[in-house]
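Q: I am new to this structure and would like a close look at a single part of it. Please take one interface between two chains, and then set it beside the rest.

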There are 4 protein chains.
Amino acid sequence: MLSDTEVRAMDARVDDTAIGQTRPMTPAPPDRRFASDNNAAVHPRVMEAVERANVGHATAYGDDPWTSSAVDAFRDLFGSEVSVYMVWGGTGANVMALSTLLTPGGAIVCTRSSHINVDETGAPERILGAKLIDVADDRGRMSPDQIREWAHWIGVQHHPQPAVLSITQSTEWGTLYSPDEVAALCDVAHSLGMRVHLDGARIANATAALGGTAAALRAFTIDAGVDVVSFGGAKNGMMHGEAVVYLSPDLDRWAPYVRKQVTQLPSKVRYISAQFSALLNDDLWIRNAQHANSMADLLHRRVADLPGVDAGPAPVVNSIFPSLSRGADQLREWSFFYDWDPTHVRWMTSWDTSTGDIDAFVAGVRHFVS
Amino acid sequence: MLSDTEVRAMDARVDDTAIGQTRPMTPAPPDRRFASDNNAAVHPRVMEAVERANVGHATAYGDDPWTSSAVDAFRDLFGSEVSVYMVWGGTGANVMALSTLLTPGGAIVCTRSSHINVDETGAPERILGAKLIDVADDRGRMSPDQIREWAHWIGVQHHPQPAVLSITQSTEWGTLYSPDEVAALCDVAHSLGMRVHLDGARIANATAALGGTAAALRAFTIDAGVDVVSFGGAKNGMMHGEAVVYLSPDLDRWAPYVRKQVTQLPSKVRYISAQFSALLNDDLWIRNAQHANSMADLLHRRVADLPGVDAGPAPVVNSIFPSLSRGADQLREWSFFYDWDPTHVRWMTSWDTSTGDIDAFVAGVRHFVS
Amino acid sequence: MLSDTEVRAMDARVDDTAIGQTRPMTPAPPDRRFASDNNAAVHPRVMEAVERANVGHATAYGDDPWTSSAVDAFRDLFGSEVSVYMVWGGTGANVMALSTLLTPGGAIVCTRSSHINVDETGAPERILGAKLIDVADDRGRMSPDQIREWAHWIGVQHHPQPAVLSITQSTEWGTLYSPDEVAALCDVAHSLGMRVHLDGARIANATAALGGTAAALRAFTIDAGVDVVSFGGAKNGMMHGEAVVYLSPDLDRWAPYVRKQVTQLPSKVRYISAQFSALLNDDLWIRNAQHANSMADLLHRRVADLPGVDAGPAPVVNSIFPSLSRGADQLREWSFFYDWDPTHVRWMTSWDTSTGDIDAFVAGVRHFVS
Amino acid sequence: MLSDTEVRAMDARVDDTAIGQTRPMTPAPPDRRFASDNNAAVHPRVMEAVERANVGHATAYGDDPWTSSAVDAFRDLFGSEVSVYMVWGGTGANVMALSTLLTPGGAIVCTRSSHINVDETGAPERILGAKLIDVADDRGRMSPDQIREWAHWIGVQHHPQPAVLSITQSTEWGTLYSPDEVAALCDVAHSLGMRVHLDGARIANATAALGGTAAALRAFTIDAGVDVVSFGGAKNGMMHGEAVVYLSPDLDRWAPYVRKQVTQLPSKVRYISAQFSALLNDDLWIRNAQHANSMADLLHRRVADLPGVDAGPAPVVNSIFPSLSRGADQLREWSFFYDWDPTHVRWMTSWDTSTGDIDAFVAGVRHFVS
């Protein structure tokens with residue numbers, strides 16, 4: 001991570017560049033935008049792995065050596081004989097995982113801002129036929145008490161039974177639960193007979209932020225009591241593919257059938273598995289995420305003091321949620337990003353964000369907002 | 001397609017090779033198996049397109065130039081302003097398409113051997129919540145009368161209402177409907193107020209067999225009255241991706257939401273779209289399929305007269321369904337393929353099957369079966 | 001049951017009545033039709049029970065003394081601590097029972113002519129999201145081999161997993177399984193890891209036919225290995241209400257929630273429970289069914305030799321399925337009944353069918369058909 | 001409605017009764033509790049109608065003269081050729097109605113405290129496969145702005161599309177929308193392309209409170225723009241049965257099939273229809289509700305000034321939601337009622353509540369709470 005001095009030097013450089021320029025001259029937009037880590041390309045080492053896998057025939061649907069290797073890599077990572085199911089995408093991973101955890105008549109407790117609640121077009125409700133009990137979140141996070149609150153529904157036939165807790169790490173607001181906080185959530189959930197799902201679309205960014213090691217990952221997943229993880233790939237340098245990883249034994253009994261039934265069994269699985277192997281090899285997944293996280297930190301520091309920008313809390317992962325007092329429309333038009341809610345925008349970095357991209361984007365913020 | 005003389009020459013060559021060999025010596029299995037076109041690798045030109053798309057950022061979920069180009073290519077192909085939705089896989093394409101065609105309380109008429117009925121782990125029933133009225137098929141094909149038979153359910157509140165006809169072209173049995181036959185099925189379906197879906201997982205093989213031109217494709221789809229097509233990619237040289245193509249205007253009103261809701265909205269769509277553009281360019285999709293079809297024809301002719309093999313009807317697309325009187329287990333062990341039903345095996349060719357693969361496989365058939 | 005002599009005397013009486021009449025004079029239709037046992041009124045003793053229950057307040061949703069008494073009556077009947085859930089109707093009973101038996105990714109094996117397959121407007125597919133594997137039936141009955149046939153789907157991820165066997169007793173074709181036959185079906189199902197549901201919409205008619213005692217009921221249900229029964233009320237003299245009876249312990253863990261979730265939790269349960277208590281008291285349920293069965297037998301014997309009528313097999317319960325060579329439309333117009341299939345009609349008796357009704361109906365058959 | 005003087009006279013009478021009694025002596029609980037209008041018995045005139053319908057055979061599933069008459073009565077009531085579908089219960093009525101209004105990928109906007117959201121065990125999510133967008137309510141009521149808030153989801157493929165507005169009248173909190181307020185909600189919903197469902201489980205109490213005439217009913221339903229009503233029967237003196245009433249033409253195209261598919265087609269419909277005819281005849285439905293409403297008002301006035309009781313707002317329909325500072329458990333033990341939320345209990349009156357019941361209950365409140 002850069003020192004404050006280095007960051008100031010960057011600002012100075014941009015300012016120098018600007019000397020003699022008339023303000024209205026629009027700067028060039030960054031090569032890579034800050035809209036979403038989903039917009040990034042595929043990491044070269046991941047792409048190489050895809051190319052290397054492109055030889056001859058391989059049994060479809062998972063019975064191939066690339067998939068065996070990737071599963072082994074996941075088992076090494078978690079230090080346990082976890083069960084791993086490759087799937088197409090993140091919504092599919094979540095739906096599949098939740099489907100195998102639900103009891104008949106069961107409901108899912110999640111935060112109001114969770115991806116499953118607001119960004120999956122109701123896929124969980126449609127495919128699971130289950131209610132999402134959405135609790136108010138504090139910038140993406142929930143507390144054990146918010147699970148306990150629903151305990152009074154247990155045993156009452158007029159209410160669906162809280163059956164699964166689904167949390168996101170890192171959250172949709174770019175925040176984190178500490179390992180202890182995850183453990184506390186799992187403890188309450190398990191004490192109520194519930195299972196725990198972790199939506200890890202950005203699990204790499206969380207791991208990078210919490211230590212950047214396999215031990216860091218395990219601390220907030222398998223060691224904390226999480227039962228199943230949606231392990232993200234596409235937001236961290238892959239072309240396609242996520243993995244549903246069962247950390248608790250025996251929960252995946254019906255998983256193979258459920259995966260196909262929810263349309264998430266890939267045919268040519270080798271191309272997903274090869275990507276995961278490349279990503280997990282030599283900690284590439286963590287390094288990609290560390291880079292993205294550090295770029296968000298840099299962006300935050302670069303805009304924190306700009307007029308017209310309330311940069312919000314310093315990021316712990318790869319997104320910041322500023323409030324802009326003016327110029328948001330022009331800035332968005334110039335280099336696209338998403339509005340997060342009526343008062344916040346979201347700027348997100350990815351494995352391929354460069355400091356040059358940040359220079360360019362900050363120049364745009366200065367031009368349109370400040 | 002090879003002449004009979006050329007085929008006989010191949011047989012002779014293999015026999016020559018075998019001279020002096022003692023029969024029990026097991027031949028080497030083929031480089032590429034005859035298990036499924038899903039086992040094939042990605043075509044080099046398709047892979048190149050993926051690599052070329054791997055530059056910079058692109059808006060996720062379809063608003064990117066690669067997708068625009070692919071949609072244009074589909075519109076050129078069908079000669080109409082069709083609506084095109086990229087999806088992850090074939091089961092997903094079918095479920096999405098059917099979901100947008102169904103009426104409340106509606107049912108789907110299909111053949112008993114159709115993929116949606118027996119090979120999708122009940123995904124249609126689960127996600128659509130609809131009954132599949134499965135009619136007996138004649139090697140994968142159904143007749144207009146088999147739709148009419150269900151007309152007596154219409155208007156009776158105790159029965160789900162026949163709402164969609166789903167046919168497969170080419171069928172799961174490697175057979176074809178002529179354009180007139182498709183038109184006759186569509187006519188009956190439409191006269192009963194039903195919509196028509198065509199599962200085109202192997203639509204390229206059908207197109208190749210029925211003329212190998214865009215006109216041939218149009219004749220059995222848009223011209224015949226089909227409303228929506230699941231347009232296959234993965235079985236014809238792509239890594240992943242299928243397209244749901246709405247041929248009838250206005251049927252896709254809710255398609256974007258349904259796509260995401262059934263977990264079939266890809267994030268980095270550009271990598272699918274680039275593949276489709278490569279495939280549709282310069283008729284590569286047809287040439288791939290023509291090759292696969294001709295290899296199946298060659299395989300059929302090579303085994304048609306072998307003892308212990310009842311090769312069944314000559315293929316029109318890329319699969320044959322022989323009956324083996326002995327040696328099936330050893331042959332399958334040596335080079336894997338699927339049993340189709342208790343009396344038939346399925347041998348399937350793909351875009352990358354070589355005559356050498358056929359030489360090797362036929363040698364195995366001679367060794368283990370004949 | 002009447003002797004042949006008595007039946008002939010009836011015929012004679014009708015013939016006598018007809019002496020001197022000119023044939024074209026249309027006879028008066030019967031007071032009660034032969035369309036369905038669902039068309040019958042409520043038995044007076046059942047109605048009295050409803051009236052007696054109409055006093056003061058009672059806790060809704062089942063926590064009332066009438067329901068406790070009815071549950072006790074069911075436990076006495078089955079000689080076991082069965083769990084009993086009152087529901088609104090037959091389709092609901094089936095859907096609720098099946099929902100609690102299904103595993104994720106599971107399918108239901110049933111006969112092609114079963115009520116769940118053809119007469120519930122796809123409610124099972126919609127609410128359960130599960131495939132019905134419908135096997136060809138022999139007049140409503142299936143054999144153990146037809147379950148075994150699907151064993152090859154077990155463990156294959158492309159197929160839904162056979163999870164529940166659903167049989168009907170008496171069947172939709174008015175046929176019966178012997179207790180040994182039910183036990184053989186249950187044995188195969190259980191050996192494949194499946195659960196067994198019995199649709200007992202007409203379980204009273206079956207019980208009456210198989211001995212007319214609680215022991216007879218137990219022999220083909222709890223003793224044979226059936227896990228859950230839909231115990232019919234409305235076709236046997238009740239106004240509304242069926243009971244889902246769990247014969248195997250622990251299968252009803254989620255039943256209360258599933259019942260409400262599938263819209264089958266009645267509010268004022270006391271009025272259903274009171275009816276069941278009246279029905280089960282003093283074997284009224286069996287006597288009602290015995291009467292209906294005997295009336296079907298009488299009807300069959302009265303029409304068996306009539307010209308233009310192929311009466312089909314003698315009934316064992318309360319329906320016959322004749323083929324009429326002429327006059328079906330006029331007869332149906334005169335006194336409504338249902339066509340069963342293109343070649344059979346269904347004539348069904350009920351607890352309130354009188355010999356006078358049969359006299360009248362037979363006169364109509366003679367008039368319009370013979 | 002009683003004058004304040006008359007109410008005070010009642011209090012005096014109770015106090016007189018109490019003279020000379022030692023306080024600890026527990027009073028006798030009321031004959032009828034204040035737990036729910038679902039606990040009430042069937043009104044005698046409704047029961048008579050059931051008995052009168054119990055003659056001979058009637059075609060099942062709705063094609064009977066009792067149902068025709070009831071439909072006519074509903075048409076008279078609404079002054080329009082409305083379509084009427086009898087169903088078993090309230091949850092079923094809601095699910096059926098919503099199912100016919102939803103578009104593919106659609107969602108339902110409702111209040112957080114609505115019955116469909118919290119008291120139907122997730123039946124809507126399970127059977128409709130749709131998200132309930134639950135907005136915060138002000139004692140059961142929502143505002144047009146809370147619908148508009150979700151307009152930004154329209155056209156975005158990551159969000160389910162707001163398709164149906166479901167409001168309750170009278171609300172679960174015993175509050176009312178004025179006809180103008182309903183019209184304003186309908187206007188916003190329709191302007192966004194949404195349909196409007198009104199859960200009228202207590203529509204009679206609302207009608208009674210808003211004028212007690214057919215015109216009053218029409219003003220907040222058909223005239224205000226409501227498309228479909230769940231018209232309650234069981235909470236207002238019926239044994240079982242609700243009606244789904246389509247006020248807007250053409251919306252019921254698939255209703256017959258959906259009704260059966262969601263397990264809500266009653267077999268012996270005549271017994272429900274006869275009850276509705278009795279209820280609608282001679283304004284019995286309004287008079288029952290007026291009585292219940294006036295009893296709630298009386299109860300409120302009787303407890304409003306008691307120590308330990310914060311009676312909350314005066315009721316407009318048949319429930320009050322007091323807060324008790326002590327003694328709630330003993331009072332509930334003595335005469336059961338439900339806790340509404342952590343700080344409120346719910347006391348509900350019904351068509352059969354007597355002033356004697358209120359005398360007795362108030363005595364209990366004085367004994368245990370005050």
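How many salt bridges does the rule find across the interface of chain D and chain C?

A: The rule finds zero salt bridges across the interface of chain D and chain C. This is a predicted model, and the predictor gives the complex an ipTM of 0.94 and a pTM of 0.95. For chain A the average pLDDT is 95, and 95% of its residues score at least 70.

The count of zero applies to pairs in which a side-chain nitrogen of Lys or Arg lies within 4 Å of a carboxyl oxygen of Asp or Glu. Polar contacts are a separate count: between chain D and chain C there are 43 residue pairs in polar contact, with both residues at pLDDT 80 or more. On the side of chain D that touches chain C, the elements giving two or more residues are helix H2 (44–53), helix H4 (90–101), helix H6 (123–128), helix H11 (255–261) and helix H12 (270–280) of chain D.

The extent of this interface can be given in residues and in area. Chain D brings 54 residues into contact with 54 residues of chain C. The two chains bury about 4,500 Å² between them, and carbon and sulfur atoms give 51% of that area. Three residues, D:His57, D:Arg126 and D:Lys268, supply 19% of the area that chain D buries against chain C, more than any other three residues.

The interface of chain A and chain B can be described in the same terms. Here the contact takes 54 residues from chain A and 54 residues from chain B. The area buried between chain A and chain B is about 4,500 Å², with 51% of it from carbon and sulfur atoms. In chain A, the residues that lose the most area to chain B are A:His57, A:Arg126 and A:Lys268, which together make up 19% of what that side buries. The rule again finds zero salt bridges, this time across the interface of chain A and chain B. It finds 42 residue pairs in polar contact across that interface, both residues being at pLDDT 80 or more. The side of chain A that touches chain B draws two or more residues from each of helix H2 (44–52), helix H4 (90–101), H6, helix H11 (255–261) and helix H12 (270–280) of chain A.

One residue of chain A shows contacts to two other chains. A:Thr121 sits in the loop between helix H5 (115–118) and helix H6 (123–128) of chain A. In chain B it touches B:Tyr257, B:Lys260 and B:Gln261, and in chain D it touches D:Gln157, D:His158, D:His159 and D:Pro160, leaving aside residues up to four places away in sequence. A:Thr121 has a relative accessible area of 0%, so it counts as buried.

Cross-links of another kind can be checked as well. By the rule for disulfides, the count over all chains comes to zero. A:Cys186 is in no disulfide, and the nearest cysteine sulfur, that of A:Cys110, is 15 Å away; the rule asks for a pair of sulfur atoms within 2.5 Å. A:Cys186 is buried because its relative accessible area is 0%. In chain D, D:Cys186 is likewise in no disulfide, and the nearest cysteine sulfur belongs to D:Cys110, 15 Å away. D:Cys186 is also buried, with a relative accessible area of 0%.

Some backbone details remain, beginning with chains C and D. The peptide bond from C:Gln169 to C:Ser170 is cis, with omega near -10°. C:Ser170 is in the loop between strand E4 (161–168) and helix H8 (179–191) of chain C. In chain D, the bond from D:Gln169 to D:Ser170 is cis, again with omega near -10°, and D:Ser170 lies in the loop between strand E4 (161–168) and helix H8 (179–191) of chain D.

Two further residues have a positive phi. For B:Asp282, which is not a glycine, phi is near 60°. B:Asp282 lies in the loop between helix H12 (270–280) and helix H13 (284–303) of chain B, and its relative accessibility of 52% makes it exposed. C:Asp283 is not a glycine either, and has a positive phi of about 60°. C:Asp283 is found in the loop between helix H12 (270–280) and helix H13 (284–303) of chain C. At 37% relative accessibility, C:Asp283 counts as partly exposed.

Technical notes. Residues numbered from 1 in each chain as written. Chains lettered and ligands numbered in written order. Heavy atoms only, no water. pLDDT = per-residue confidence, 0-100. Helix = DSSP H or I, 4+ residues; strand = E, 2+ residues; numbered from the N terminus. Buried < 20%, exposed > 50% of the residue type's maximum accessible area, 1.4 Å probe, protein only. Contact = heavy atoms within 4.5 Å. Buried area = accessible area lost by both parts, 1.4 Å probe. Polar contact = N/O pair within 3.5 Å; in protein donor to acceptor, adjacent residues only side chain to side chain.
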